[in-house]
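Hi everyone, thanks for making time for this. Please have a look at the sequence and the structure on the screen, and then I'll walk you through them.

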Amino acid sequence: MTDLQVRRVRFDFAGDDIPFSWHPTRPAFAAQCNLISFVAPGFEKFIVEATRQAIPLIRDGEVAAEAEAYLRQEAQHSAAHAAHARALARRWTGLRQTLTAVTASYDRLTATKPLAWRLAYIAIIEATFTPYFTVFLENEDTLFAPGDERVASLFLWHFVEEIEHRSSALKVYDAVHDSYPYRVKTIAGVVRHFDEILRIVVPGFRAAVPDADGGDLAALLPEGLSWRALRTAQRTARGLPAPQQPTYAGVPRRELLDMIVGLVRSQAPNHDPATERVPPFAGRWFERFDTEPRSAARWYTVGVEDRT
């Protein structure tokens with residue numbers, strides 16, 4: 001048995017009016033979220049294929065059941081973000097090539113890397129999500145609320161479900177290839193691959209989307225994981241004109257410190273993501289979904305009278 005719930009949410013991305021710059025005062029945050037939507041279809045497909053291959057090797061029935069629910073959640077995430085990315089690509093057709101290239105990059109890993117490596121990659125990344133996304137959810141009222149409701153609702157749903165299944169990837173890895181040293185050695189490959197992903201997405205955004213439509217948001221993302229690229233993006237974000245703000249403007253420093261500590265701790269031996277603190281917003285989101293499932297796609301208007 002598993003406590004994970006597979007929620008099928010229909011997000012309204014059928015129209016041609018989905019903005020690239022979907023948050024009026026948080027363009028750096030909007031840029032990060034757009035990056036996620038172009039990475040998620042390929043990454044979640046990568047997760048689903050590796051987890052499906054792993055399930056027959058898992059002897060613990062409870063872990064196997066959680067793995068099945070986990071891959072089904074990830075399949076939902078992949079489909080929803082693909083719909084968001086396709087909606088953007090209908091307006092800015094060059095983005096199709098970016099989405100295709102990211103997915104191809106993950107497909108190459110599936111074709112060339114052993115299962116243990118792929119499960120380690122997934123466990124490494126998924127372990128970082130709770131400390132990372134907790135900062136976003138703790139500041140939901142400023143990071144999401146003023147933005148386009150359709151896009152904001154997509155990310156709220158995704159982030160709370162990532163926290164819900166925060167320990168699933170590590171459970172699957174440990175059930176198949178329980179080696180902490182091997183997982184640590186894989187970190188370097190994960191970093192190299194995400195550097196590759198940034199070098200696909202950021203130039204892709206710049207090339208496909210005119211500045212007038214928000215293409216200049218790409219400058220708020222690092223074009224790779226080099227120190228120079230990270231510093232350039234940081235300086236650009238700090239130089240935003242009012243009322244636009246960098247991603248973490250207004251976020252208490254204590255929360256940012258907790259995030260950094262949590263990211264480091266997420267890769268420590270014997271760390272169990274299940275013990276991570278769950279942000280109160282996630283609990284409110286799950287409770288509201290249970291009484292009004294339609295609120296998942298329209299968080300700020302559907303069932304708003306029940307919001308606490």
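I'll go from the overall picture to two individual residues.

First, a word on what you are looking at: this is a predicted model. Confidence across the protein chain averages a pLDDT of 93, and 98% of the residues score at least 70. Where is confidence lowest, and where is it highest? The low end is helix α9, residues 227-238, with a mean of 88, while helix α3, residues 95-112, sits at the high end with 98.

Now the fold. How many helices and how many strands does the protein chain have? The count is eleven helices and zero strands. So if you read along from the N terminus, you meet α after α, from the beginning of the list of elements to its end.

What about overall dimensions? A compact globule of 308 residues would have a radius of gyration near 19 Å, and the protein chain comes out at 19 Å, so the two agree. If you prefer to think in boxes, the C-alpha atoms fill one of roughly 55 × 45 × 40 Å along the principal axes.

Inside, 55% of the 308 residues are buried. Take the contacts between residues at least 6 apart in sequence: 80% of them join residues at least 24 apart. On the outside, the accessible surface is about 13800 Å², and carbon and sulfur atoms account for 53% of that. For those of you who think about charge, there are 36 positive and 38 negative side chains, with the centres of the two sets 6 Å apart.

Let's zoom in on T186, which you'll find in helix α8, residues 180-208. Is T186 buried or exposed? Its relative accessibility is 3%, so T186 counts as buried. Leaving aside residues up to four places away in sequence, T186 touches W117, A120, Y121 and I124.

My other pick is A297, in the segment that comes after α11 (280-291). A297 has 11% relative accessibility, and because the cut-off for buried is under 20%, A297 counts as buried too. Which residues does A297 touch, not counting those up to four places away in sequence? The list is V9, R10, F11, E149, R150 and S153. Look at R150 in particular: A297 and R150 are 147 residues apart in sequence, yet their C-alpha atoms are 6.5 Å apart in space.

That's my tour, and I'm happy to go back to any part of it on the screen.

Technical notes:
Residues are numbered from 1 along each chain as its sequence is written. Side-chain values use heavy atoms; hydrogens and water are left out. Helices (H or I, at least four residues) and strands (E, at least two) are DSSP runs, numbered from the N terminus. The radius of gyration is taken over C-alpha atoms; the globule rule is 2.2 Å times the number of residues to the power 0.38. Buried means under 20% relative accessible area, exposed over 50%, partly exposed in between (1.4 Å probe, protein chains only). Contact means heavy atoms within 4.5 Å. Accessible areas come from the Shrake-Rupley method with a 1.4 Å probe; for residues, only the protein chains shown count as cover. Lys and Arg count as positive and Asp and Glu as negative; His and the chain ends are not counted. The place of a charge is taken as NZ of Lys, CZ of Arg, CG of Asp or CD of Glu. pLDDT is the predictor's confidence in each residue, from 0 to 100.
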